[in-house]
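This report examines selected local features of one protein chain. Please keep the sequence and the three-dimensional view at hand while reading.

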Amino acid sequence: MFLVEHHWEWKKGIMFRRKHASHFNSNDAEQQEAKINELKYALGPLSAHDEKYCSDTCFRRYLEARNWNVTKSRKMLEESLKWRATYKPEDIRWPDVSVEAETGKMYKASFRDREGRTVIIMRPTKENSTSHDGKIRFLVYVLENAILGQHEGQEKMVWLIDFAGWTMAHATPIKTARESTSILQNHYPERLAVAFLFNPPKVFEAFYKAVKYFLDPRSIEKLNFVYLKDEESMKVLYKCIDPEVLPVEFGGRNSVMYNHEEYSKLMLQEDIEPSSFWEDDAKTVDHAVNGTLVPDVAPRSLQLAAKAS
């Protein structure tokens, strides 16, 4: 029955695509649905684990990242599924990366932007590690945690990067910068709403020119250079984040400070829910092997799946 329905959804998508191929409108919900159905069929059968990741919102983000080109989107998504199967980002836990977070160089803010989106704060001058693998693993953990912590219906996050005191000595190694941007753009497409680079010094321009080479145009468009003494640029930041909740060091009125001990308690608590969700896969595989029906996913798990994808 599933295959019949799956084939019919694909067939409808193909017919619609042929009819409107010459003038696809990315703002048309019906045309979007046709593209999503086409991508589903092109991707083929998925494991129980991958099905949890590949929700309709997931398909939509990969399609948007490749300008609704199904062939390119399928290739991109297949690469992401391979990467997730190998790297296993959902298995990373706070104790695995907490040493990287001790200085507060990157963390999920206690406040959200005006649209309720998760805000990630980064402070490059507080870098405390020389481990390439450690930095990448920590970045992936922060992304996964931020995504699962989003409000229902939210897909994107905001980055707030503090460059106070930054010098070339704080520049991220090119190898790490290249892999970081690759992971962000290829495996977390359309997750970034906007990034604010706060008070970057003149010397940062040289590093930015090198890193910009690895960024795609869609990512570059989301970068905003903001300067405390530039009133117009601050208006852009305030339009996104209320100055009442914005930390003082970013020109706001919130005196909140990063506390590693308290943040660790929060992360350990937040590790529990996704852990139990993804561990359901083992039970699902056992049931499938024994020839029994795959159990239905609980409503709460479905919400997590939509966020995780």
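Which residues of α8 are buried? They are Thr-176, Ala-177, Ser-180, Thr-181, Ile-183, Leu-184, Gln-185 and His-187. The model discussed here is a predicted one.

## Helix α8

Helix α8 covers residues 174–187, which makes 14 residues. At 1.5 Å a residue, a helix of this length should span 20 Å. The C-alpha atoms at the two ends of α8 are 19 Å apart, which agrees with that expectation.

## Packing of α5 against α8

Helix α5, formed by residues 70–87, packs with α8 at an angle of about 120°. The axes of the two helices are 9 Å apart. Angles of 65 to 115 degrees count as roughly perpendicular and those over 145 as roughly antiparallel; α5 and α8 are therefore oblique to each other.

On the side of α5, the contact is made by Met-76, Glu-79, Ser-80 and Trp-83. On the side of α8, Ile-183, Gln-185, Asn-186 and His-187 take part. By character, the residues of this contact comprise three nonpolar, four polar and one charged. Ile-183, Gln-185 and His-187 of α8 belong to the contact and are also listed among the buried residues of the helix.

## Thr-118 in strand β2

Thr-118 lies in strand β2, which runs over residues 118–122. Is this residue buried or exposed? Thr-118 has a relative accessible area of 3%; because buried means under 20%, Thr-118 is classed as buried.

The side chain of Thr-118 forms a polar contact with the side chain of Arg-112, at 3.2 Å. Leaving aside residues up to four places away in sequence, Thr-118 touches Lys-108, Arg-112, Ala-146, Gly-149, Gln-150, Lys-156, Met-157 and Val-158. Arg-112 thus appears in the list of residues touched by Thr-118 and as its polar partner.

## Two residues with positive phi

Lys-88 is located in the loop between α5 and α6, the latter being residues 94–97. Its phi is near 55°, a positive value in a residue other than glycine. With a relative accessible area of 40%, Lys-88 is partly exposed.

Asn-199 is found in the loop that lies between β4 (192–198) and α9 (204–212). For Asn-199, phi is near 55°, again positive in a residue other than glycine. The relative accessible area of Asn-199 is 28%, and this residue is partly exposed.

Key:
Residues numbered from 1 in each chain as written. Predicted model: local features only at pLDDT ≥ 70, side-chain atom pairs only at ≥ 80, totals over all residues. Heavy atoms only, no water. Helix = DSSP H or I, 4+ residues; strand = E, 2+ residues; numbered from the N terminus. Expected span 1.5 Å × (residues − 1). Buried < 20%, exposed > 50% of the residue type's maximum accessible area, 1.4 Å probe, protein only. Polar contact = N/O pair within 3.5 Å; in protein donor to acceptor, adjacent residues only side chain to side chain. Contact = heavy atoms within 4.5 Å. Axes fitted to C-alpha atoms, helices over the stretch in contact; angles between N-to-C directions. Parallel < 35°, antiparallel > 145°, perpendicular 65-115°, else oblique. Nonpolar A, V, L, I, M, F, W, Y, C, P; charged D, E, K, R; others polar.
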